[in-house]
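Load the model and colour it by chain. This tour says what to select at each stop and what is there.

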Amino acid sequence: MSIPEGSLLAAHDLHKAYGPTNALDGAAFSIHPGEVVAVMGPSGSGKSTLLHCLAGIVTPDSGTIMYNGHELSAMNDADRSALRRTDFGFVFQFGQLVPELSCLENVALPLRLNGTGRKQAESTALTWMQRLEVENVAKQRPGEVSGGQGQRVAVARSLVTGPRVLFADEPTGALDSLNGERVMELLTDAARSAGAAVVLVTHEARVAAYSDREVVVRDGKSRDMERVV
Amino acid sequence: MRRIRHVYSGLMSIGHTLLGLLESGPRHGYDLKRAFDEKFGQDRPLHYGQVYSTMSRLLKNGLVEVDGIEAGGGPERKRYAITEAGITDVERWLGTPEKPEPYLQSTLYTKVVLALLTRRDAADILDTQRSEHLRLMRALTERKRKGDLADQLICDHALFHLEADLRWLELTAARLDKLAKEVHA
């Protein structure tokens with residue numbers, strides 16, 4: 001098995017089928033600490049399945065996933081859940097904020113779930129909201145803020161626990177160009193300054209241009225574009 | 001940065017731009033060059049020769065006139081003023097839409113078809129190009145992040161065009177099997 005040296009998260013020869021459909025058919029992936037890697041590909045190519053496998057949400061039928069020296073694919077559910085809470089952060093296209101909580105409470109939520117006291121959690125959350133330039137909506141609920149602000153709140157929430165890997169699945173998919181670019185600038189700046197690696201799934205080239213390199217997934221197979229030329 | 005510069009090298013009407021700059025008042029050739037470089041030159045400033053050859057053409061066509069010549073000066077000390085005909089010309093230019101360029105990917109298309117004909121890996125050619133496009137898009141995005149509003153607008157223009165090329169590359173990659181059948185039919 002070939003795992004690139006120094007990689008924080010790496011997958012080799014992943015296979016995953018949903019019924020007769022091969023979502024992943026020998027896909028590979030690797031990312032180094034602090035690196036931003038775009039995963040691109042047409043709809044239905046398997047890029048979201050790859051992200052879900054890498055994040056330990058979906059178990060591949062076969063293949064190996066190594067995270068920080070441990071075999072993710074061999075962990076039990078409880079260990080993988082714990083890892084997701086402590087080491088991974090997630091940003092999706094939409095529908096990720098709890099509508100009944102204020103934006104500040106949303107950002108503080110992962111810390112609260114990890115047992116941090118309210119005052120400390122909200123203080124850390126506010127720092128992240130300032131970095132993402134949304135501290136002004138701290139007291140508002142998600143339904144009361146714009147799409148761009150809501151997404152920046154979601155990014156703040158994904159980074160509040162200091163994850164080592166941030167998984168972003170079409171994080172700007174529901175935003176217009178201007179808001180999408182601002183989210184990407186702030187997301188990549190915040191992740192880089194925190195030293196987090198970012199797995200960025202996108203079908204938009206202008207979003208992928210914020211990454212350090214790209215991996216293209218087609219028919220469940222991956223190709224590292226850095227090794228193309 | 002050479003590749004970035006290459007993206008900017010679209011056809012710009014230097015004559016009309018200089019004329020437009022003259023509308024706010026008469027200027028020397030040197031002032032015109034400085035104003036042009038500051039606003040539109042980016043990393044591609046005008047050569048003095050370009051300014052003076054353009055001004056003599058505009059002069060010949062009656063679009064500018066010599067407003068004064070500084071004492072002891074050669075031709076480069078001339079101060080130019082825009083004429084009524086010049087103002088009309090600028091107005092006409094601004095109001096005329098630019099011809100949308102179809103950007104037919106003829107070279108790439110030819111390469112893909114030839115690769116298929118000669119049983120080479122056409123997908124590889126498309127991926128190589130895709131990689132090159134994204135490399136340039138990354139450089140432009142980085143420049144945009146560090147630049148001012150003018151940089152952002154210029155880089156965005158290039159980025160949207162490159163994105164369109166990339167979509168063509170992706171679509172063609174998805175249609176390669178079909179194209180191969182037609183090529184070999």
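Select Asp127(B) and Arg223(A). Their side chains form a salt bridge, with N to O at 2.6 Å. Keep in mind that this is a predicted model.

Now show every salt bridge between chain B and chain A: the count is 7. Over all chains, the whole structure holds 27 salt bridges. Polar contacts come next. Across the interface of chain B and chain A, 11 residue pairs are in polar contact, with both residues at pLDDT 80 or more.

Which elements of chain B give two or more residues to the side that touches chain A? They are helix 7 (122–146) and helix 8 (149–174) of chain B. Select helix 7 of chain B: its 12 residues are the largest share of that side. Colour the side of chain B that touches chain A by class. You should find 10 charged, 5 nonpolar and 3 polar residues.

**The whole interface**

Widen the selection to the full contact. Chain A brings 22 residues and chain B brings 18 residues. Together the two chains bury about 1700 Å², and 49% of that lies on carbon and sulfur atoms. Pick out Asp127(B), Arg138(B) and Arg145(B). These three supply 34% of the area that chain B buries against chain A, more than any other three residues.

**The six-stranded sheet of chain A**

Stay with helix 7 of chain B and add the strands below. Helix 7 of chain B lies across strand 3, strand 9 (213–218) and strand 10 of chain A. The helix runs at about 145 degrees to strand 9 of chain A.

Show the rest of this sheet. It is open, has 6 strands in the order 6-7-8-3-9-10 of chain A, and its pairing is mixed. Which strands sit at the edges? Strand 6 (88–91) and strand 10 (221–224) of chain A do, each pairing on one side only. Look along the sheet for its twist, which averages 20 degrees from one strand to the next.

Zoom in on strand 6 and strand 7 (residues 165–169) of chain A. The two run parallel and are joined by 4 bridges. Select Gly89(A): its bridge partner in strand 7 of chain A is Leu166(A).

Next, pick helix 6 (residues 177–194) of chain A. Helix 6 lies across strand 3 (36–40), strand 7 and strand 8 (197–201) of chain A. Its angle to strand 8 of chain A is about 150 degrees.

**The four-stranded sheet of chain A**

Move to the other open sheet listed here for chain A, with 4 strands in the order 2-1-4-5 and antiparallel pairing. Strand 2 (21–31) and strand 5 (70–71) of chain A are its edges, each paired on one side only.

Select strand 4 and strand 5 of chain A. They pair in the antiparallel sense over 2 bridges. One residue pair to label: Tyr67(A) has His70(A) as its bridge partner in strand 5 of chain A. Then add helix 1 of chain A, which packs on the sheet and touches strand 1, strand 2 and strand 4 of chain A. The direction of helix 1 makes about 60 degrees with that of strand 2 of chain A.

Turn to strand 1 and strand 2 of chain A. Their antiparallel pairing runs over 8 bridges. Find Ala11(A), opposite Phe29(A) in strand 2 of chain A. Follow the hairpin to its turn, where 2 residues lie between the strands. Gly19(A) takes a positive phi near 65 degrees in this hairpin.

Now select Lys16(A) and Asp61(A). Their side chains meet in a salt bridge at 3.7 Å, N to O. This pair links distant parts of the chain, 45 residues apart. Lys16(A) is in strand 1 (residues 9–18) of chain A, while Asp61(A) is in the loop between helix 1 (47–54) and strand 4 (62–67) of chain A.

**The strands of chain B**

Last stop: select strand 3 (residues 78–82) of chain B. Strand 3 runs antiparallel to strand 1 (residues 27–28) of chain B, with 2 bridges joining them. Label Arg27(B) and its bridge partner Tyr80(B) in strand 3 of chain B. Strand 2 (residues 64–69) of chain B also pairs with strand 3 of chain B in the antiparallel sense, over 5 bridges. Finish on Ile69(B), which stands opposite Lys78(B) in strand 3 of chain B.

How values were computed. Residues are numbered from 1 along each chain as its sequence is written. Chains are lettered from A and ligands numbered from 1 in the order in which they are written. This is a predicted model: local features need pLDDT of at least 70, side-chain atom pairs count only at pLDDT 80 or more; totals for chains, interfaces and linings use all residues. Side-chain values use heavy atoms; hydrogens and water are left out. Contact means heavy atoms within 4.5 Å. Buried area is the accessible area (1.4 Å probe) that two parts lose on being put together, summed over both. A salt bridge is a side-chain nitrogen of Lys or Arg within 4 Å of a carboxyl oxygen of Asp or Glu. A polar contact is a pair of N or O atoms within 3.5 Å; within protein, one must be able to donate a hydrogen and the other to accept it, and residues adjacent in sequence count only if both atoms are side-chain atoms. Ala, Val, Leu, Ile, Met, Phe, Trp, Tyr, Cys and Pro count as nonpolar, Asp, Glu, Lys and Arg as charged, and the others, Gly among them, as polar. Two strands pair if DSSP finds at least two bridges between them. Axes are lines fitted to C-alpha atoms, for helices over the stretch in contact, and angles run from 0 to 180 degrees between N-to-C directions.
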